[in-house]
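Open the model in your viewer and keep the sequence panel beside it. The tour below moves from one selection to the next and says what is found at each stop.

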Amino acid sequence: MLAVVVNPVCGACRGKQLAQDHVLPLLASHGRHPDLYAETECPGHAGTLLINWITQTAPTPPLHISIILISGDGTLHEIVNALYRRTHDDPSFSLPQIRFVLVAAGTANALYASLCLADGASDPLASLRTFLSSAIDSSPVLVPLTLARTTFHPPSDTPVLVPKPIIAAVVTSTSLHASILQDSEALRSTIPGLERFKTAAAQNATRWYSSRVRLLPSSDADEKRPQIYDANTDSFVPYTSKEGEDGTIELDGPFVYFLSTVNVDRLEPQFQIAPLARSHKPAGGTMDLIVVRPMRDPSIGANDEEARCNFGTKTWKVLGAAYDGGRHVVMRYGGDGAIDASNAGVNVVEYLRIGGWEWIPVRRLAIELAISFADKNDRMMQIPKHALYALMGLLSRYHEGEQPGVLCWKGRLMGWT
Ligand SMILES: Nc1ncnc2c1ncn2[C@@H]1O[C@H](COP(=O)(O)OP(=O)(O)OP(=O)(O)O)[C@@H](O)[C@H]1O
């Protein structure tokens with residue numbers, strides 16, 4: 001069974017044109033005729049239309065389906081979460097094996113850029129061409145995706161409604177990155193391209209985020225303990241600082257940047273924030289975590305307005321190096337707090353490989369956010385290697401000095417008191 005699903009409003013609104021001018025003619029020229037062609041009509045529609053289509057084939061639901069998805073990361077996120085919820089809410093729902101063939105039509109296209117393109121390439125149809133030219137069932141171009149599950153815990157003494165678990169296939173973040181995603185949505189109509197992420201970053205450049213973080217060991221990787229990248233040896237080594245009896249490790253805030261990824265080494269074609277996911281491939285059962293904590297800077301003595309302003313320039317510099325082949329991972333502090341790869345001080349970015357993490361906001365924001373890997377049984381789908389599957393994971397931000405705490409993802413906000 002073959003479906004073509006188009007988000008007509010993602011990216012620069014060219015999805016429909018890509019479908020009509022390129023995707024459908026290419027399929028026809030290979031003698032392939034989709035069993036379903038659908039355009040999404042509103043947020044959330046991609047998931048429901050696919051579930052309806054799958055259930056309508058009952059009593060003989062397909063064993064596997066291929067979905068040519070013409071969209072960006074968010075549409076795939078919606079599909080994955082809709083399928084996940086349906087399988088958990090309705091045990092009688094029979095989930096076929098799903099293979100995505102992604103056609104890059106969104107703004108960032110993180111998974112597509114990570115899995116489907118060589119550096120510098122830009123063909124949005126690369127994965128479709130591979131799909132059409134390969135014997136997909138036996139092909140090495142199929143890669144199972146790792147899914148990360150985020151669960152929420154309310155403060156133990158406060159009966160508040162918490163969101164259901166959220167599945168991510170690309171990124172789960174707090175701090176600056178979560179704020180960028182949140183604020184960039186408001187800029188979508190005025191800045192349709194990637195520039196809106198930089199504009200949103202500038203709006204949030206001097207914010208620090210207070211929290212306590214627990215790093216969790218991996219349950220199924222060979223090396224279970226949290227690992228940290230050591231630029232001296234160009235390898236991951238066990239991170240043993242402040243290790244608890246249960247194998248967890250605590251990180252003190254404040255944080256400027258806190259972002260974990262699965263499946264991807266970049267969040268947009270040139271922004272290679274997790275370069276080691278490509279150069280030092282994880283064996284499985286882990287996620288990569290990229291952290292910037294300003295108090296590691298030897299020139300910063302206090303968490304005050306002046307320090308936040310000074311560090312804002314450094315944040316810009318170190319994250320800017322992610323656009324330069326992921327060089328941020330080798331940046332170090334000098335004794336005066338200057339940042340350069342040739343310095344001898346501690347590294348600016350802590351690049352970790354872990355089983356999961358818990359974000360435990362301090363101060364009045366008593367919400368605990370925990371993310372842990374879905375176990376292997378939760379792996380729901382396979383995609384062609386040159387197909388993309390992406391999602392904007394959970395976004396959360398906890399701004400110092402802001403009331404109440406704000407927890408949000410993909411433009412949806414929840415206030416917490
Ligand atoms: N017909 C529609 N009208 C309005 N919004 C829609 C419609 N169809 C889908 N959407 C919404 O469009 C949003 C953006 O889609 P998507 O994330 O795929 O593209 P993008 O944000 O441009 O790219 P990326 O996520 O790769 O940066 C999705 O979150 C989805 O909820």
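## A stop among the strands

Begin by selecting Ile-228, which stands opposite Leu-352 in β17. As you look, bear in mind that this is a predicted model. Widen the selection to β10 and to strand β17, residues 349-354, and you will see two strands that pair in the antiparallel sense over two bridges.

Keep β10 selected, this time as residues 227-230, and add strand β11, residues 235-238; these two also run antiparallel, and four bridges join them. Which residue of β11 does Tyr-229 stand opposite? The residue facing Tyr-229 there is Phe-236. Between the strands of this hairpin of β10 and β11 lie four residues, and Asp-234 takes a positive phi near 50°.

## The whole protein

Now clear the selection and show everything, which brings nine helices and 23 strands into view. Of the 417 residues of the protein, 45% count as buried. Among contacts with a separation of 6 or more, 73% are accounted for by residues that are 24 or more positions apart.

Next, colour the two domains separately, with domain 1 covering 2-144 and domain 2 made up of 148-375 together with 391-416. Where they meet, 17 residues of domain 1 are in contact with 18 residues of domain 2. On the side of domain 1 that touches domain 2, α3 and α4 (110-115) each supply at least two residues, and the largest share, eight residues, comes from α3. Sorted by class, that side of domain 1 has nine nonpolar, six polar and two charged residues.

## Helix α3 and the ligand

Having met α3 at the domain contact, select it on its own and consider its length. Its 17 residues, at 1.5 Å a residue, should span 24 Å, and because the end C-alpha atoms are 24 Å apart, the model agrees with that expectation. The expected span counts one less than the number of residues, which is why 17 residues lead to 24 Å. Then pick out the buried residues of α3, including Asp-73, Gly-74, Thr-75, Leu-76, His-77 and Glu-78, with Leu-83 and Tyr-84 also among them.

From here, turn to the ligand and show the residues around it. Which part of the protein gives the largest share of this shell? That share, four residues, comes from helix α3, residues 73-89. There are 22 residues around the ligand, and those that come nearest are Cys-10, Pro-43, Gly-72, Gly-74 and Gly-106. Gly-74 is thus a residue to revisit, as it is also one of the buried residues of α3. By class, the shell comprises seven nonpolar, eleven polar and four charged residues.

## Two single residues

Select Glu-185, which is found in helix α6, residues 175-185. Is Glu-185 buried or partly exposed? It counts as partly exposed, because 18 other C-beta atoms lie within 10 Å, whereas a buried residue would need 20 or more. Add Phe-197, twelve residues apart from Glu-185 along the chain, and the distance between their C-alpha atoms is 9.1 Å.

For the last stop, select Ile-360 in strand β18, residues 356-361. Ile-360 has 18 C-beta neighbours inside 10 Å and therefore counts as partly exposed. If you draw a distance from Ile-360 to Asp-340, which is 20 residues apart along the chain, the C-alpha atoms are separated by 31 Å.

Methods: Residues are numbered from 1 along each chain as its sequence is written. This is a predicted model: local features need pLDDT of at least 70, side-chain atom pairs count only at pLDDT 80 or more; totals for chains, interfaces and linings use all residues. A residue is near a molecule or strand if its C-beta atom, placed from the backbone, lies within 6 Å of it. Ala, Val, Leu, Ile, Met, Phe, Trp, Tyr, Cys and Pro count as nonpolar, Asp, Glu, Lys and Arg as charged, and the others, Gly among them, as polar. Domain bounds come from an automatic or database domain assignment. Two residues are in contact if their C-beta atoms, placed from the backbone, lie within 7 Å. A residue is buried if 20 or more other C-beta atoms lie within 10 Å of its own, exposed if 12 or fewer, and partly exposed in between; C-beta atoms are placed from the backbone. Two strands pair if DSSP finds at least two bridges between them.
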